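Visitor: Before we begin, I should like each term to be justified by its rule. May I see the model?

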Amino acid sequence: MILNSDSMKPIYVQIAEWLETEILIQAIQCDEKIYSQYQLAEMFNINPATAAKGINILAEENVLYKKRGLGMFVATDARHIILNKRKNTKLRAMVNELAKEAVQLQVNEEELVEMIRGMHQKLKGDQK
């Protein structure tokens, strides 16, 4: 992953989202130790405090837990927490923007649903 320093999204949020994605795709498993703030800082050439801030976001959301003296680990229900968060925030916001644009372009509901269905099926096919 390459961090986007020009993004409106802070680097520490990008770090948290990258770790979430690694957990979602199961590159990092439940109860597995994650990268330390120093490892992340070296990987992405950032300040360790910035990396720690990204890790702390996930700890506050109970995606990660700390084992004293050992580091941070992925919670058992981390994938479930991440999926729910992304569905209820990111996906909902994207659907809201899509619906607004469809209304402005006078795309009717059936046409919009068909567009979504077609793209969804195409993307699911590409993943196989």
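Guide: The following exchange takes up each term and sets the computed values against its rule.

Guide: This is a predicted model, in which local features need pLDDT of at least 70 and side-chain atom pairs count only at pLDDT 80 or more, while totals for chains, interfaces and linings use all residues. Residues are numbered from 1 along each chain as its sequence is written, and side-chain values use heavy atoms, with hydrogens and water left out.

Visitor: How many helices and strands does the protein chain have, and what pattern does it follow?

Guide: The protein chain has five helices and two strands, in the order α-α-α-β-β-α-α along the sequence. Helices are DSSP runs of H or I with at least four residues, strands are runs of E with at least two, and both are numbered from the N terminus. Strand β1, for instance, covers residues 64–67 and holds Tyr65.

Visitor: How does the radius of gyration of the protein chain stand against that of a compact globule?

Guide: A compact globule of 128 residues would have a radius of gyration near 14 Å, whereas the protein chain has 18 Å. The radius is taken over C-alpha atoms, and the globule rule is 2.2 Å times the number of residues to the power 0.38. The C-alpha trace spans about 55 × 30 × 25 Å along its principal axes.

Visitor: What percentage of the residues count as buried, and why is Tyr65 called partly exposed?

Guide: Of the 128 residues, 26% count as buried. Buried means under 20% relative accessible area, exposed means over 50%, and partly exposed lies in between (1.4 Å probe, protein chains only). Tyr65 has 26% relative accessibility, and is therefore partly exposed.

Visitor: Which residues does Tyr65 contact beyond its neighbours in sequence?

Guide: Leaving aside neighbours within four places in sequence, Tyr65 is in contact (heavy atoms within 4.5 Å) with Asp31, Gly71, Met72, Phe73, Val74 and Ala75.

Visitor: What makes Lys9 and Glu17 a salt bridge?

Guide: The rule requires a side-chain nitrogen of Lys or Arg within 4 Å of a carboxyl oxygen of Asp or Glu. The closest N and O atoms of Lys9 and Glu17 are 2.9 Å apart, so the pair meets the definition. Lys9 is partly exposed because its relative accessible area is 33%, and Glu17 is partly exposed at 26%.

Visitor: How many salt bridges are there by this rule, and where do Lys100 and Glu97 lie?

Guide: The count comes to six salt bridges. Lys100 and Glu97 form one with an N to O distance of 3.8 Å; both lie in helix α4, three residues apart, about one turn of the helix. Arg117 and Glu114 form another at 3.4 Å. Because Arg117 and Glu114 are three residues apart in helix α5 (residues 109–127), about one helical turn separates them. In addition, Glu20, Glu61, Lys85 and Arg86 are linked in a network of salt bridges.

Visitor: How do you know that Glu22 has no salt bridge?

Guide: Glu22, in helix α1 (residues 11–24), is buried, and the nearest side chain of opposite charge, Arg86, is 9.5 Å away. The salt-bridge limit is therefore not met. For charge, Lys and Arg count as positive and Asp and Glu as negative; His and the chain ends are not counted. Not counting residues up to four places away in sequence, Glu22 touches Ala27 and Ile28.

Visitor: Why are Leu91, Met94 and Val95 called a nonpolar patch?

Guide: Patches are made of residues with over 30% relative accessible area and no salt bridge; like charges are joined within 9 Å, and nonpolar side chains (Val, Leu, Ile, Met, Phe, Trp, Tyr) within 5 Å. Leu91, in helix α4 (residues 78–104), has 47% relative accessibility and so counts as partly exposed. Together the three residues have about 290 Å² of accessible area on the surface, a value from the Shrake-Rupley method with a 1.4 Å probe, where for residues only the protein chains shown count as cover.

Visitor: What is notable about the phi values of Gln26 and Asn45?

Guide: Most residues other than glycine have a negative phi. Gln26 has a positive phi of about 65 degrees although it is not a glycine, and Asn45 has a positive phi near 55 degrees. Gln26 lies in the loop between α1 and α2 (37–44), and Asn45 in the loop between α2 and α3 (48–60). Asn45 counts as exposed because its relative accessibility is 72%, whereas Gln26, at 43%, counts as partly exposed.
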